[in-house]
Amino acid sequence: MNQDGIQDLVTSGLWSPIRVWINEAGSLINKTKDYGLERTQGWYNTLAIADLNGDQRPDIIAGNLGLNSKFKASSTKPLRLYLDDFDQNGQTDPIIYYTLEGMPTPFATRDELIDQMPELKKQFVSYTDFSNVTDIQSLLGPWYNPSMLIEKNIYELRSMLSLSDEQHYKGIPLPFEAQMSPINDLWVGDLNSDAYIDIMMVSNNKNVSNAIGPYDVSRGYFARVVRGRHIPNL
Ligand SMILES: [Ca+2]
Ligand SMILES: [Ca+2]
Ligand SMILES: [Ca+2]
Ligand SMILES: [Ca+2]
């Protein structure tokens, strides 16, 4: 990544940014911020590296959840995950929040949350009680403990190219067709021997709960990239 001839590492994952780890004498040092990638937290399934804009420096292709799901996120309205063993039964309870009509709103229904934490039933006897829930404090009531609470955010659900620029990396979302389903795997190379990089992407996922529904609309996606501009579906 830093052109010193020593291999570095780029990582990502669920609720994680695209992180750059520079290899300094065998130690991997987190330099994500230096590359301008510190606010890229997403729902990433896969990454690939290739020089797409022809400046001899590596660029990043990131396969994310896409835009065709019930989850919505942006830099000002992140998807948020709270983690703790709220009901103290020895199992961590993930609670996902999103913004609905400007208000923080739990993603799961009352019944789903009670399935996960039966004690919540005492707090929310009726659906009307539950309808008054806004932020995490109002959901957790007496369990709310800000010092224990782990909070993670997702700011970006689009599958993206991150192109090397003068100083930082510049994020460019892949076209609409590539956002219709989660991208699970990527191949980069020169498929048609024209010296320009091509990207093949495989998508879809049926291994999800009924409440979210299967991601099955994509037939895969192929993009040709000429000097950092992607030309879809050739
Ligand atoms: Ca290096
Ligand atoms: Ca490049
Ligand atoms: Ca628990
Ligand atoms: Ca090509």
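1. Two strands are taken to pair if DSSP finds at least two bridges between them. In this predicted model, strand β9 (residues 93–100) and strand β10 meet that condition, pairing in the antiparallel sense over four bridges. Within this pairing, Leu100 has Met103 of β10 as its bridge partner.

2. The β9/β10 pair belongs to an open sheet of four strands, ordered β10-β9-β8-β11, in which the pairing is antiparallel. Its edges are formed by β10 (103–106) and β11 (150–154), each of which pairs on one side only. On average, and with direction ignored, neighbouring strands of this sheet are turned by 30° against each other.

3. As to overall composition, the chain has four helices and 17 strands. Its C-alpha atoms fill a box of roughly 65 × 45 × 30 Å along the principal axes. Of the 234 residues, 27% count as buried. Among contacts between residues at least 6 apart in sequence, 50% join residues at least 24 apart.

4. Another open sheet has three strands in the order β1-β3-β4, again with antiparallel pairing. Here β1 (9–11) and β4 are the edge strands, and each pairs on one side only. The average turn between neighbouring strands of this sheet, direction ignored, is 30°.

5. Within that sheet, β3 (residues 19–24) and β4 (residues 27–30) are joined in the antiparallel sense by four bridges. The two strands form a hairpin with two residues between them, and Ala25 in the turn has a positive phi of about 50°. Two of the facing positions may be named: Glu24 stands opposite Ser27 in β4, and Ile22 stands opposite Ile29 in β4.

6. Strands β15 (residues 198–203) and β16 run antiparallel and are joined by four bridges. Met201 stands opposite Tyr221 in β16. Along β16 (residues 221–226) the side chains alternate: Tyr221, Ala223 and Val225 point to one face and are buried, whereas Phe222, Arg224 and Val226 point to the other and are not.

7. Which residues have the most contacts inside the largest nonpolar core? That core has 30 residues, and the residues in question are Ile61, Ala62, Leu161, Ile199 and Met201. Strands β7 (59–63), β12, β14 (183–189), β15 and β16 each supply at least two residues of this core. Apart from it lies another core of eight residues, including Phe86, Tyr97, Val133 and Leu139.

8. The surroundings of Ile199 deserve a separate entry. Leaving aside residues up to four places away in sequence, Ile199 touches Ile61, Leu186, Val188, Ala223 and Val225. Of these partners, Ala223 and Val225 are among the buried residues that point to one face of β16.

9. Glu166 is found in the loop between β12 (160–164) and β13 (169–173). Is Glu166 buried or exposed? A residue counts as exposed if 12 or fewer other C-beta atoms lie within 10 Å of its own. Glu166 has 6 C-beta neighbours inside 10 Å and therefore counts as exposed. The C-alpha atom of Glu166 is separated by 40 Å from that of Ile212, a residue 46 residues apart from Glu166 along the chain.

Notes:
Residues are numbered from 1 along each chain as its sequence is written. Chains are lettered from A and ligands numbered from 1 in the order in which they are written. This is a predicted model: local features need pLDDT of at least 70, side-chain atom pairs count only at pLDDT 80 or more; totals for chains, interfaces and linings use all residues. A residue is buried if 20 or more other C-beta atoms lie within 10 Å of its own, exposed if 12 or fewer, and partly exposed in between; C-beta atoms are placed from the backbone. Two residues are in contact if their C-beta atoms, placed from the backbone, lie within 7 Å. Axes are lines fitted to C-alpha atoms, for helices over the stretch in contact, and angles run from 0 to 180 degrees between N-to-C directions. A nonpolar core is a set of buried Ala, Val, Leu, Ile, Met, Phe, Trp, Tyr and Cys residues joined through C-beta atoms within 7 Å.
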